[in-house]
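Visitor: I'm new to this one and don't quite know where to look. Could you pick a single part, take me through it slowly, and then show me how the rest connects to it?

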Amino acid sequence: MITKPQAELRIVVDLNRCQSYGQCVFAAPTVFQFHGEESLEYDYAPGEDVRTEVERAAAACPVQAITLGTPAGTEAGR
Ligand code: SF4
């Protein structure tokens with residue numbers, strides 16, 4: 001059996017709030033990408049190795065559309 005690390009990363013983007021500014025794409029290009037003109041796609045469960053980039057992306061989002069959490073639940077944004 002493989003034991004999973006405690007703090008797995010989960011991302012939720014409120015696409016109703018997202019204005020396609022693209023700051024997250026610049027901050028974490030391996031996690032966030034634009035598909036077509038302005039539809040944002042993202043890896044909702046990226047590896048721990050990109051946590052810093054994802055945190056930067058969340059901080060950079062002008063409309064605070066990115067929420068970080070764990071599989072057990074989403075942490076409060078603030
Ligand atoms: S930075 Fe925020 S508003 Fe811009 S594309 Fe990413 S989630 Fe959307």
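Guide: Let's start with a term we'll need: two strands are said to pair if DSSP finds at least two bridges between them. Keep in mind, too, that this is a predicted model.

The part I'd pick is the hairpin made by β2 and β3, which has 3 residues between its two strands. These strands run antiparallel and pair over 4 bridges. If you'd like one partnership to find on screen, Gln33 has Glu41 as its bridge partner in β3. In the turn sits Gly36, whose phi is positive, at about 80°.

Before zooming in further, here's where that hairpin belongs. The protein chain has 2 helices and 5 strands, and going along the sequence they come in the order β-α-β-β-α-β-β. Our hairpin is the β-β step between the two helices in that pattern.

Now look along β3. In a regular strand the side chains alternate between the two faces of the sheet. That's what you see here: Leu40 and Tyr42 point to one face and are buried, whereas Ser39 and Glu41 point to the other face and aren't. So where do the two buried ones lead us? Each gives us a thread to follow.

Take Tyr42. It is in contact with Ile11, a residue of strand β1, which covers residues 10-13. Ile11 counts as buried because 21 other C-beta atoms lie within 10 Å, and the cut-off for that label is 20 or more. Besides Tyr42, and leaving aside residues within four places in sequence, Ile11 also touches Tyr44, Pro46, Val54, Ile66 and Leu68. Val54 is a nice example of the chain coming back to itself: Ile11 and Val54 are 43 residues apart along the chain, yet their C-alpha atoms are separated by 8.5 Å.

Now the other thread, Leu40. It is in contact with Cys18, which lies in the loop between β1 and α1. Val13, Val63 and Ala65 are also among the contacts of Cys18. With Ala65 there's another long jump in sequence, 47 residues, and here the C-alpha atoms are 5.7 Å apart. Cys18 has 19 C-beta neighbours inside 10 Å, so it counts as partly exposed; a residue needs 20 or more to be called buried.

Cys18 also brings us to the ligand. There are 14 residues around the ligand, and Cys18 is one of the five that come nearest, together with Tyr21, Gln23, Cys24 and Cys61. The whole shell divides into 10 nonpolar residues, 4 polar ones and no charged ones. In that loop between β1 and α1 you'll also find Ser20, which has a positive phi near 55° although it isn't a glycine. Ser20 is partly exposed, because it has 14 other C-beta atoms within 10 Å.

Back to β3 for a moment, as it has a share in something bigger. The largest nonpolar core holds 15 residues, and Cys24, Ala28, Phe32, Val54, Ala57 and Ile66 touch the most other members. β3 (39-42), α1 (23-27) and α2 (51-60) each supply at least two residues of this core. The largest share, 3 residues, comes from α2.

What does α2 turn towards that core, and what does it turn away? Its buried residues are Val54, Ala57 and Ala58. They all lie on the same side of α2, because they cover an arc of only 100° around the axis. The face turned away from the buried side carries the exposed residues Thr52 and Ala59. And here our hairpin comes back in: β2 (32-35) is part of what covers the buried residues of α2, along with β1, α1 and β4 (66-70), among others. Ala28 joins in as well, touching Val50, Glu53, Val54, Arg56 and Ala57 beyond its sequence neighbours.

One last look at the chain as a whole. Of its 78 residues, 21% are buried. Among contacts with a separation of 6 or more, 63% join residues 24 or more positions apart, and the pair Ile11 and Val54, 43 residues apart, is a good one to picture.

Terms used
Residues are numbered from 1 along each chain as its sequence is written. This is a predicted model: local features need pLDDT of at least 70, side-chain atom pairs count only at pLDDT 80 or more; totals for chains, interfaces and linings use all residues. A residue is near a molecule or strand if its C-beta atom, placed from the backbone, lies within 6 Å of it. Ala, Val, Leu, Ile, Met, Phe, Trp, Tyr, Cys and Pro count as nonpolar, Asp, Glu, Lys and Arg as charged, and the others, Gly among them, as polar. A residue is buried if 20 or more other C-beta atoms lie within 10 Å of its own, exposed if 12 or fewer, and partly exposed in between; C-beta atoms are placed from the backbone. Two residues are in contact if their C-beta atoms, placed from the backbone, lie within 7 Å. A nonpolar core is a set of buried Ala, Val, Leu, Ile, Met, Phe, Trp, Tyr and Cys residues joined through C-beta atoms within 7 Å. The arc is that of the directions from the helix axis to the C-beta atoms.
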